[in-house]
Amino acid sequence: MRDVAAAAASTGPRVLPRNDPRQYDDLAGEWWRPDGAFAMLHWLAAARAALVPPSTRPDALLVDLGCGAGLLAPHLAGKGYRHVGVDVTRSALFQAAEHGVCVVQGDATAVPLPDGCADVVSAGELLEHVPAWPRVVAEACRLLRPGGLLVLDTLNDTALARLVAVRIAERLPTVPRGIHDPRLFVDARALVAECARHGVDLRLRGIRPQVGGLVAWLLRRVRAARTGVTSTGRAPRIVPTRSTAVLYQGRGVRSG
Ligand SMILES: C[S@@+](CC[C@H](N)C(=O)[O-])C[C@H]1O[C@@H](n2cnc3c(N)ncnc32)[C@H](O)[C@@H]1O
């Protein structure tokens, strides 16, 4: 009996520690499913790309730190940037390359790209996954040319963010279980101060999924799980909100 239980356990999905990057390998098939485990990353990518203006010069470069499978790519189409994505997860980079991203396997705390090479640096849903997030900020600012733009979004280091993004969201189909380690969430004031130290005046605003769209999306998911029939509908939009206590975006220009 014990052998059967052990065999069953060994064939089930492996349980990894919170924030273990190998989770992205196990979830590799989810990246580009619009209603899959990474659905919210699609909504956030659209909102992040909206912060990026069309490029004003030929050969403009956008460096996407922690690019994952390149979900930002379709939202940058027509803006005139060469999209370079840096990530530690190979299985995600293969998919990013298929979506036109020029990929570099590497750690966002030590990026193998030259100083001042980027017109835009993006760090979407990355900082809250990196224990040494100030090093990612230093790298992002190093990569930016003077006048270049930093855009990012992350989760705040607050009790409310831990409640909403971990305890609640991980029970819904919006966020995979165990993907976040709440101890890594990023204090908004510390982030602004760190960016300032590296010459970027970061302005923050709170963001959240639009409630009606989120409820309709969750109902569609519940219906699909019950009936096996998937129906299409509009993805929830990410909208600004007054509080930065849970999820927030940052946008800032490098001085110099
Ligand atoms: C939540 S996903 C976000 C992916 C993408 N930015 C998006 O919004 O779709 C976090 C990504 O960060 C990557 N990552 C985690 N730690 C990293 C590090 N130190 N350097 C580079 N990438 C990292 C993971 O492999 C994963 O692809």
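Where does H42 sit in this chain? I'll answer that in point 4, after a quick tour of the rest. Keep in mind that this is a predicted model.

1. **The chain as a whole.** Start with the building blocks: there are 9 helices and 8 strands in the protein chain. Its radius of gyration is 19 Å, close to the 18 Å that the globule rule gives for 256 residues, so the chain is as compact as a globular protein of that length. If you lay the C-alpha trace along its principal axes, the spans come out at about 65 × 40 × 35 Å.

2. **Inside and outside.** Of the 256 residues, 48% count as buried. The surface that the protein chain does expose adds up to about 12900 Å², and 57% of it is supplied by carbon and sulfur atoms. The fold also brings together distant parts of the sequence: take the contacts between residues at least 6 apart, and 74% of them join residues at least 24 apart.

3. **The ligand.** Now zoom in on the bound molecule. It is surrounded by 19 residues, and the closest are G66, D87, T89, A108 and G124. Sorted by class, that shell holds 9 nonpolar, 6 polar and 4 charged residues. Three polar pairs are worth finding in the viewer. A polar backbone atom of G66 is 2.6 Å from a nitrogen atom of the ligand. In the side chain of D87, an N or O atom is 2.6 Å from a ligand oxygen atom. R48 also takes part, with a polar side-chain atom 3.5 Å from an oxygen atom of the ligand. How much of the ligand does the protein bury? On its own the ligand would expose 590 Å², and the protein buries 94% of that.

4. **H42.** Back to the opening question: H42 belongs to helix 3, which covers residues 39-49. Is H42 buried or exposed? Its relative accessibility is 15%, and buried means under 20%, so H42 counts as buried. Setting aside neighbours within four places in sequence, H42 is in contact with W31, W32, R33, P34, L71 and H75.

5. **T109.** This residue is found in the loop between strand 3 (102-105) and strand 4. Being in a loop doesn't put T109 on the outside here: T109 is buried, with a relative accessible area of 14%. Look for the side chain of D107, which is joined to the side chain of T109 by a polar contact of 2.8 Å. Beyond residues up to four places away in sequence, T109 touches V130, A132, R135, V136 and E139.

6. **D119.** Next comes a residue of strand 4, which runs over residues 118-124. D119 has a relative accessibility of 6%, so D119 counts as buried. What does the side chain of D119 pair with? One of its polar atoms lies 2.8 Å from the backbone nitrogen of L61. L61 also appears among the residues that D119 touches, once those up to four places away in sequence are left out; the full list is R57, D59, A60, L61, Y81, L144, R145, G148 and L149.

7. **A distance to try yourself.** Pick out D119 and A161 in the viewer. They are 42 residues apart in sequence, and their C-alpha atoms are 31 Å apart in space.

Key
Residues are numbered from 1 along each chain as its sequence is written. This is a predicted model: local features need pLDDT of at least 70, side-chain atom pairs count only at pLDDT 80 or more; totals for chains, interfaces and linings use all residues. Side-chain values use heavy atoms; hydrogens and water are left out. A residue is near a molecule or strand if one of its heavy atoms lies within 4 Å of it. A polar contact is a pair of N or O atoms within 3.5 Å; within protein, one must be able to donate a hydrogen and the other to accept it, and residues adjacent in sequence count only if both atoms are side-chain atoms. Accessible areas come from the Shrake-Rupley method with a 1.4 Å probe; for residues, only the protein chains shown count as cover. Ala, Val, Leu, Ile, Met, Phe, Trp, Tyr, Cys and Pro count as nonpolar, Asp, Glu, Lys and Arg as charged, and the others, Gly among them, as polar. Helices (H or I, at least four residues) and strands (E, at least two) are DSSP runs, numbered from the N terminus. The radius of gyration is taken over C-alpha atoms; the globule rule is 2.2 Å times the number of residues to the power 0.38. Buried means under 20% relative accessible area, exposed over 50%, partly exposed in between (1.4 Å probe, protein chains only). Contact means heavy atoms within 4.5 Å.
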